[in-house]
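Me: I should like a close look at the aromatic rings and at the interior that surrounds them. Please begin with a single ring and work outwards from there.

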Amino acid sequence: MGNRLTRAAAALCAGCLACALMPAAALGTPSDGGEAPAAALPASLTSDGAPRSLARPALGGTAGDAPDGALGALSVTVVDRETSAQALSTLLSPRADDPDVLADGAHVTYLDRLAAPSYARDLYDVLVEATDGDGEADYLIEDRFFDAAALPALQPGAPAEPCAHDGAALIPVVTLPGAAPLPDDERAAVVDEARYLVLAALAAFDRDHPEVFWLGGAAAVGEVEAGDDLVLAMVLAADGFDARAEAYRGQGIIGSAIAQREADVQAALAALRADGADASASESVRFLNRWLVERNAVNDDPAPSVADYPAAWECVSALAGRSGAEGPVAEGYARALKVLCDRLGIPCVLADGMAAPAAGEGAPGPHMWNLVQVEGAWYAVDVARNDAPGAPDTAFDPAVNEAFLLVGASTEVGGQAFSASHPARNRVLAQGPSFVNGPVLSDQAYLPKAAPVVAAPTGLAAVYGDALESVALPDAGPGETPGRWRWAGPAQAVGDAGTRTFRAVFTPDDDAYAPVAADVAVEVARRPVTPEVRLEASRYTWAGAPVEPAVTAWVGDAAIPASEYTVSFEGNDALGTATAHIADAPGGNYAVGEAAASFELVERATPVLRVTDVEKVYDGQPVDAAAVLEGAVATVEGREVGGTWSVEADAPLVAAGVYEAVVRFEPDDDALLSAQATARVTIARRPLTLSVRPASNRLTASDAVEAPVLVAQGLVEGEELQPAIGAVLHGMPARGQVGEHVVTWANAEAVLTAVNALPVAANYDVALADDLGFMLTIADVALSPVDDGRYRVELTRGLDAAPAGLAVTPYQTPEAVEAELARAAQTALPTTRPDRVDVYDAALFVDDGDGAWSEADASALPAEGLVVTLPLPEGADPQAHAFTAAHMFTASAGGHEPGEVESCEATASAEGVRVTVHGLSPVAVAWGEVPTADATPLSQTGDRLAPYALALVTVLSVALVAVVSRRRFRA
């Protein structure tokens, strides 16, 4: 966890039960070299000087059964993590220096150095699995484990898997039995011991797994009471908190960064093997030191901050190769070297302490380096001290850049023994124990072995396509140090024909000699092959010119490059059998033997055309070529071929009839002949129905009666029928003849005969309509002008009867309705009188088209309302009087009940009183004197409570002949 678990600071009081799972600062001292100030210790874990014994349940296990619903609230403490370069001013551990937590003996891994209980070791294993990126239980990578809403609820005793409580994502760590009701001091002691060992396991994970680089920023632990027990849990995410570093808040980002880390690791290991440096652990470490030094430069920021350069403390900085202010600090180098050594199986650990500055002057500061095991002994490597700030382009100098390579405790560098310049503390927890039970550093530096006496092998040969491992290397010759040669990269191909050089490693039989690497020449010969000759096809069309099909040469499943051979043809200029020959071309990687393939030249084929007959009904438009060619296909031996299509016909394909169109095809391929076919085009006669209709089916008594119109249903637009005779009708009324009149078409058959005699009728199948008459209504009503020509309003003065919808109201007679409308009008216009109120029965009709009027219903009316002009009342002056209108509801609609009245604004002129209405019958118009300033009319939204309230509400009165609504549910 880089700048996380090994470099944290947390303030923990003795009674705090929500502690931070903070990594310890292994280098937990101020950056100026002074010790961190001491803090008051929490309650001791011992009561009598002896270590307190605590029953330690397994990770995530329960020591008691908490009743359902007995979980308490989650208590969380979040603490920012510090870096190894910053001071720790607070105490993280409850023990000042307790050797009892260390395991006996010397141990390589930090986990093995701990005398930790099973739950701490199990947590360590969970962290390893949670960060390995294998797609299984990657708790600290995948986004879903940080989403509390998608996780199961916390259950005491559940496995150590992500769960949720109080909106936080958690991993249960340990259940402490019976800890909740303990007195404060005893409870603190139990919790402190468990917390202390959990923290030690977290820090050990960070030291042992520097490849995990994306955790950082802060750490948090939650504590939940479960009945009498306490559950400690690692917090993955909570309100405003995420265990992942800010730069890595997303599994896609982490996955990409892991992939880049892996690519950098593989690049280093590939370079090492190509150099042959993997011959021994010492040479591998030497190579990796150089690889890191040459690709990086120590961070040159005088006071680098993990907030500004978080990667500088991680392995990814040195693995990627960086310099300047983004270059790695010592911790970045050390972590990168351990990652690479771990991949090679070379034992390597992180070590830290207060080290002398690189320049040799000034106070010691926090520093990190490595211990590596070579040939059974442990030596120190300080890559950061081997490098220097600045650009990573300075020539590598072993005297400078290997000064701290495989040194021992007594090795002097710059006049000071390594153990004196690099005193190791390995303090995982701030103010906690120093892990002194790690590997013991050798007293002296690693002594390179003697170089063997051996010469690089010569006279080696291979064939193109071989792997290097197929080239046998000789053992040492006479007079040479006994041993064996091996290829550094045995799996690589020998490459192109010619002299090639490869790295080989010599390993002496005697361990007193060091392995050596050398460049060895191999003479790569062309590979003899007799290929298979392949052609695009076995038959080709001969059109009078030589045919040269494309030729390829194959060996097994691989095609030989065309540059490796030449192609020639025989007999390809006449009908019959032809042959394609190939022969070797100079140079290249193959010695190509002669080979051939035969093919047939045949006469040109005529494509087979498939066309589709066309059928349509006469529409006055010609059938175009695209319609005839739709679906047309040309094939040769079942294979579709391309070309140009055309259509020819003896006459325009317009009039009704049956035609034959000639379809011609000209192929794109010159090896094919032209072809033609015939398509049948049928244009059927169009159905046409004759009928008569009136100019308008509804007139008033004052309207003139116009002659009816002959209607041809189905006639193509733009064409006309003008028969020699007109329609004769029986039953046509005279002007003013009020009533409904049935009109019949007397000479329909004669008109049909006259129409069929017209030339245009040849394209139609003409018939008479089923109904040879119509109904004409002449109404004794007055028409009210309507702004919208689609509507017709008929007015009848007064009411013959009360609408049926008012049967449940007090308004069951025309007199009662008229009286209520008059009362409502006077409420809206106090200056009116009952004798100045005109009541109308209004009917609305809508034009269905072509002058046919039908009674309207609600679905036919405009939503914005209908503007009508009612007659100007007798005695009213539009210039001198005020006007109002009212309408009574006759059915429940829009929250209104029958009998309610709406008031409508009215505007008078010489033509009449214009009113916007949403329901027509019964409707009233009233007039009166213009109100003075002292006469204030009541609000026109109504003056009664339901069910008979007068309200300005936009509704649809379903009992009316016609209703218009702008806002149907206006309050």
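Over which ring does the charged end of R113 sit, and at what distance from its centre?

Reply: The charged end of R113 sits over the ring of Y110, 3.8 Å from the ring centre. Such an arrangement requires NZ of Lys or CZ of Arg within 6 Å of the ring centre and within 35 degrees of the ring normal. R534 is placed in this way over the face of W554, at 4.2 Å from the ring centre.

The model is predicted: local features need pLDDT of at least 70 and side-chain atom pairs pLDDT 80 or more, whereas totals for chains, interfaces and linings use all residues. Residues are numbered from 1 along each chain as its sequence is written, and side-chain values use heavy atoms, with hydrogens and water left out.

Rings also meet one another, and the structure holds 15 aromatic pairs (Phe, Tyr or six-membered Trp rings with centres within 6.5 Å; stacked under 30 degrees between planes, edge-to-face over 60, tilted for the rest). W487 and F502 form an edge-to-face pair, because their planes stand at 85 degrees, with the ring centres 6.2 Å apart. W487 belongs to strand β14 (residues 483–487) and F502 to strand β15 (residues 498–508), so that the pair links distant parts of the chain, 15 residues apart. Helices (H or I, at least four residues) and strands (E, at least two) are DSSP runs, numbered from the N terminus. Both W487 and F502 are buried (under 20% relative accessible area; exposed is over 50%, partly exposed in between, with a 1.4 Å probe and protein chains only).

F569 and F599 are likewise edge-to-face, with centres 6.4 Å apart and planes at 80 degrees. Their strands are β22 (residues 565–570) for F569 and β25 (residues 595–602) for F599, so this pair ties together parts 30 residues apart in sequence. F599 is buried, with a relative accessible area of 1%, whereas F569 is partly exposed at 22%.

Ring pairs also join F213, W214 and Y248 into a cluster. F213 and W214 are both touched by R261, whose other contacts are E211, C315, V316, L319 and R343, leaving aside residues up to four places away in sequence (contact means heavy atoms within 4.5 Å). R261 lies in helix α4 (residues 251–275) and is buried, since its relative accessible area is 10%. Its neighbour C315 is buried too, at 0% relative accessibility.

W214 leads on to the interior: together with L176 and L406, W214 has the most contacts inside the largest nonpolar core, a set of 103 residues (buried Ala, Val, Leu, Ile, Met, Phe, Trp, Tyr and Cys joined through side-chain atoms within 4.5 Å). Helix α3 (residues 184–208) gives this core its largest share, twelve residues. Among the residues that L406 touches are V372, Y379 and Y446. A second, separate core of 42 residues includes Y618, V623, Y659 and V766.

Cysteines complete the picture. Zero disulfides are found in the whole structure (cysteine sulfur atoms within 2.5 Å). C348 is buried at 2%, yet its sulfur lies 4.3 Å from the closest cysteine sulfur, that of C341, and is therefore too far for a bond.

Over the chain as a whole, there are 13 helices and 49 strands, and buried residues make up 48% of the 971 residues. Of the contacts between residues at least 6 apart in sequence, 68% join residues at least 24 apart.
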